Amino acid sequence: MKKEVRSAVIAGNWKMNKTPAETTQLINEMKPLVKDADCKVVLCVPFVDIDAAVKAAEGSNIEIGAENCHFKSSGAYTGEVSAEMLVACGVKYVVIGHSERRQYFGETDQTVNLRTKAALDAGLTAIVCVGETLEQRELGYTETLLKFQTKMALTNVSAEQLKNVIIAYEPVWAIGTGVTATAEQADEGNGYVRAAIAEAYGADVAETVTVQYGGSMNAKNADELLSMVNVDGGLIGGASLKAEDFSVIVKAASK
Ligand code: PGA
């Protein structure tokens, strides 16, 4: 982390877990554990839990995010939710282009870009996910792919709007598998993302962008991962569903 130039952000990604009642309970458990954090603390929750999450987090240092948004403000898009709707519900962040959405829901680099722009236009901070599969890594395409995905996601995003973008480097092979990237692999991947931003916006701008690592980050490995210069925080899946584990990661990012 390089806190003197960019914010450290720990964000939970609850995926398809927790009912509204469970949301209230978990956030109430987390609040006292993370209240002294010296980093931003975000929980990205299912749409139906947003109301409960915003209420439970009120007056605390926890900010609420969603896990996706559509690229249109309104219209005939059955089952979708717009960025404006999220803002109206008190949401501040949104995860865009998570690998599970790319893998199971037909998300492409183009739709990731459209959703990113819609989120930024609505005033949300976008947590944009990029990452290579194991096959791509083994073929030696990690750098090319991360740079391509990063640049595609940021097409037509201005330098001003970039201030509200966080990129999460999440190697697909490390998500939910218990296999974490080594600290060196995480730093290298995040470094490729930063290099892509530097190519598009200049090195000075790239230095200020928060780049998270995600993929089996947990209470045990967070310290080491977050000690790397290019790792400015984490996008946490499984470990964000346990108050104690999540708070240990927040404390690691607060050092
Ligand atoms: P994980 O998920 O921490 O459970 O690997 C991370 C993510 O998918 O954002």
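The exercises below work through a predicted model, its ligand site, strands and helices.

Residue numbers start at 1 along each chain as its sequence is written, and side-chain values use heavy atoms, with hydrogens and water left out. Because the model is predicted, local features need pLDDT of at least 70 and side-chain atom pairs count only at pLDDT 80 or more, while totals for chains, interfaces and linings use all residues.

**Exercise 1. Describe the setting of Asn13.**

Step 1. Find the element. Asn13 lies in strand E1, residues 9-13. Helices (H or I, at least four residues) and strands (E, at least two) are DSSP runs, numbered from the N terminus.

Step 2. Classify the exposure. The relative accessible area of Asn13 is 5%, so the residue is buried. Buried means under 20% relative accessible area, exposed over 50%, and partly exposed in between, with a 1.4 Å probe and protein chains only.

Step 3. List the contacts, meaning heavy atoms within 4.5 Å. Residues up to four places away in sequence aside, Asn13 touches Cys44, Glu67, His98, Leu235, Ile236, Gly237 and Ser240.

Step 4. Look for polar partners. The side chain of Asn13 reaches the backbone nitrogen of Lys15 at 3.2 Å. A polar contact is a pair of N or O atoms within 3.5 Å; within protein, one must be able to donate a hydrogen and the other to accept it, and residues adjacent in sequence count only if both atoms are side-chain atoms.

**Exercise 2. Work out how the ligand is surrounded.**

Step 1. Collect the residues near the ligand, that is, with a heavy atom within 4 Å of it. There are 13 residues around the ligand, and the closest are Lys15, His98, Glu170, Gly176 and Ser216.

Step 2. Check the polar distances. An N or O atom in the side chain of Asn13 is 3.4 Å from an oxygen atom of the ligand. For Gly176, a backbone N or O atom lies 2.7 Å from a ligand oxygen atom. For Gly237, a polar backbone atom is 2.9 Å from an oxygen atom of the ligand.

Step 3. Assess the cover. On its own the ligand has 280 Å² of accessible area, and the protein covers 95% of that. These areas come from the Shrake-Rupley method with a 1.4 Å probe; for residues, only the protein chains shown count as cover.

**Exercise 3. Which residues in the loop between E1 and H1 have a positive phi? Consider Lys15 and Lys18.**

Step 1. Recall the background. Most residues other than glycine have a negative phi.

Step 2. Take Lys15, found in the loop between E1 and helix H1 (20-34). Its phi is near 55°, a positive value. Lys15 counts as partly exposed because its relative accessibility is 23%.

Step 3. Take Lys18, which is placed in the loop between E1 and H1. Phi of Lys18 is near 85°, again positive. With a relative accessible area of 31%, Lys18 is partly exposed.

**Exercise 4. Is strand E6 enclosed or open to the outside, and which strands pair with it?**

Step 1. Count the buried residues. Five of the five residues of E6 (165-169) are buried, so the strand is largely enclosed by the rest of the structure.

Step 2. Separate the faces. Val165, Ile167 and Tyr169 are buried on one side, and Ile166 and Ala168 on the other.

Step 3. Find the partners; two strands pair if DSSP finds at least two bridges between them. Strand E5 (residues 125-130) runs parallel to E6 and is joined to it by five bridges. Strand E7 (residues 211-214) also pairs with E6 in the parallel sense, over three bridges.

Step 4. Trace Tyr169. Val130 stands opposite Tyr169, and in E7 the bridge partner of Tyr169 is Tyr213.

**Exercise 5. Compare the span of helix H5 with its expected value, then place Asp109.**

Step 1. Obtain the span. The expected value is 1.5 Å times one less than the number of residues. H5 has 14 residues and reaches 20 Å from its first C-alpha to its last, close to the 20 Å expected.

Step 2. Place Asp109. This residue is in helix H5 and counts as buried because its relative accessibility is 18%.

Step 3. Name the partners. Beyond neighbours within four places in sequence, Asp109 is in contact with Arg102, Phe148, Gln149 and Met152. The side chains of Asp109 and Arg102 make a polar contact at 2.8 Å.

Step 4. Inspect the end. Gly123 follows H5 and has a positive phi, near 100°.
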